[in-house]
Amino acid sequence: MNDSSTQQLWLMRHGEAGPGRPDEQRTLTPLGEQEVAKVGAWLATHIAAQRGAPPRLLASPYRRAQQTAARLSEALSVPVETLPLITPDDAPEAVIDWLLEQSDERLILVSHMPLVGELAETLVDGRSARGVGFPTAGLAEFTAPVWAKGCAQLTRFLHPGQLD
C-alpha cells in the first residue's frame with residue numbers, strides 16, 4: 001500500500017475456457033490453467049513484496065472464473081468468495097456501487113469480458129464507450145482514494161504472454 005488513503009484493486013479475466021453450453025459451465029482449457037498459474041505466481045510475488053493485509057479474493061459464480069480464482073487462492077493463501085454481480089453482462093455501475101460499500105483496502109475480482117473491460121474503463125475514464133480489451137488471464141491493477149467513476153488510476157496491466 002502506498003498510504004492509508006489508497007485502495008488497491010486487481011481485476012482479472014478468467015483463463016482460456018473451452019466452448020460449451022450452458023455458458024456458466026464452461027471450464028478452463030489446459031492452456032487456461034497454464035495462463036492462470038503464471039499470473040497467480042507473479043501476483044503472489046508482487047503482493048508478498050507489499051505491506052498490508054492480504055487481499056480479499058472474489059470471483060464470478062461461473063465455473064471458469066471459479067477455477068481461475070481457486071488457482072489464485074492456492075498461490076495467495078486466501079479464500080475465494082463468490083460475487084454474483086460480476087458475470088459477463090453485469091453492469092459496471094453495479095460493481096462500482098458494491099466496491100463503494102467495501103471496507104477492504106485490497107480486492108481481487110475474477111470476472112469476464114465484457115464486464116472487466118467496461119469496469120476498467122469506467123473506473124479510470126468515468127464512462128465506458130467500448131471497454132478495454134482483456135486477454136484471457138489478463139490482470140489490471142488499479143489504485144484509488146475511492147472506487148467511483150473516473151477516480152481510479154491504472155498502475156499495471158499484464159497478461160500471461162509477458163511472463164514467459
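In this predicted model, helix 4 keeps much of its length out of sight: Leu-115, Val-116, Gly-117, Leu-119, Ala-120, Glu-121, Thr-122 and Leu-123 are buried. That makes 8 of its 11 residues, so helix 4 is largely enclosed by the rest of the structure. The covering comes from several sides, with the buried residues of helix 4 packing against strand 1, helix 3, strand 4 and strand 5. Just past the end of helix 4 sits Gly-126, which takes a positive phi of about 85 degrees.

Leu-119 is a handy residue for looking at this packing from the inside. This leucine lies in helix 4 and counts as buried because its relative accessibility is 1%, against a cut-off of under 20%. Setting aside residues up to four places away in sequence, Leu-119 touches Leu-11, Pro-92, Val-95, Ile-96 and Leu-109. Lys-149 is 30 residues away from Leu-119 in sequence, yet the two C-alpha atoms are 9.2 Å apart in space.

Part of that neighbourhood belongs to the pairing of helix 4 with helix 3. Two packed helices are described by the angle between their axes and the distance between the axes. Here the axes of helix 3 and helix 4 come within 9 Å and cross at roughly 60 degrees, and the crossing is right-handed. Helix 3 contributes Pro-92, Val-95 and Ile-96 to the contact, while helix 4 contributes Leu-115, Glu-118, Leu-119, Thr-122 and Leu-123.

Zooming out to the nonpolar cores, the largest one holds 22 residues, and the members that touch the most others are Leu-9, Leu-11, Leu-99, Leu-109, Phe-142 and Trp-147. Two or more residues apiece come from strand 1 (7-13), helix 3 (92-100), strand 4 (106-111), helix 4 (115-125) and strand 5 (139-144). Helix 4 supplies the largest share, 5 residues. Leu-109 has a long contact list: leaving out residues up to four places away in sequence, this leucine touches Leu-9, Trp-10, Leu-11, Met-12, Leu-58, Leu-83, Ile-86, Val-95, Trp-98, Leu-99 and Leu-119. There is also a second, separate core of 20 residues, including Trp-10, Ala-44, Ile-47 and Val-110.

Trp-10 turns up again alongside a buried acidic residue. Glu-141 is placed in strand 5 and, at 5% relative accessibility, counts as buried. The side chains of Glu-141 and Trp-10 are joined by a polar contact of 3.4 Å. With neighbours within four places in sequence left aside, Glu-141 is in contact with Gln-8, Leu-9, Trp-10, His-46, Gln-50, Gln-153, Leu-154, Thr-155 and Arg-156.

Helix 2 (residues 63-76) gives a quick check on helix geometry. At 1.5 Å a residue, its 14 residues should span 20 Å, and the end C-alpha atoms are indeed 20 Å apart, so the two values agree. Buried positions recur along helix 2, namely Arg-64, Ala-65, Thr-68, Ala-69, Leu-72, Ser-73 and Leu-76. Among the elements covering them are strand 1, helix 1 (30-48), strand 2 (56-59), strand 3 (80-82) and strand 4. Ser-77 follows helix 2 and has a positive phi, near 55 degrees.

Conventions. Residues numbered from 1 in each chain as written. Predicted model: local features only at pLDDT ≥ 70, side-chain atom pairs only at ≥ 80, totals over all residues. Heavy atoms only, no water. Core = buried A, V, L, I, M, F, W, Y, C linked by side-chain atoms within 4.5 Å. Buried < 20%, exposed > 50% of the residue type's maximum accessible area, 1.4 Å probe, protein only. Helix = DSSP H or I, 4+ residues; strand = E, 2+ residues; numbered from the N terminus. Contact = heavy atoms within 4.5 Å. Expected span 1.5 Å × (residues − 1). Polar contact = N/O pair within 3.5 Å; in protein donor to acceptor, adjacent residues only side chain to side chain. Axes fitted to C-alpha atoms, helices over the stretch in contact; angles between N-to-C directions. Left-handed = near helix turned anticlockwise from the far one by under 90°.
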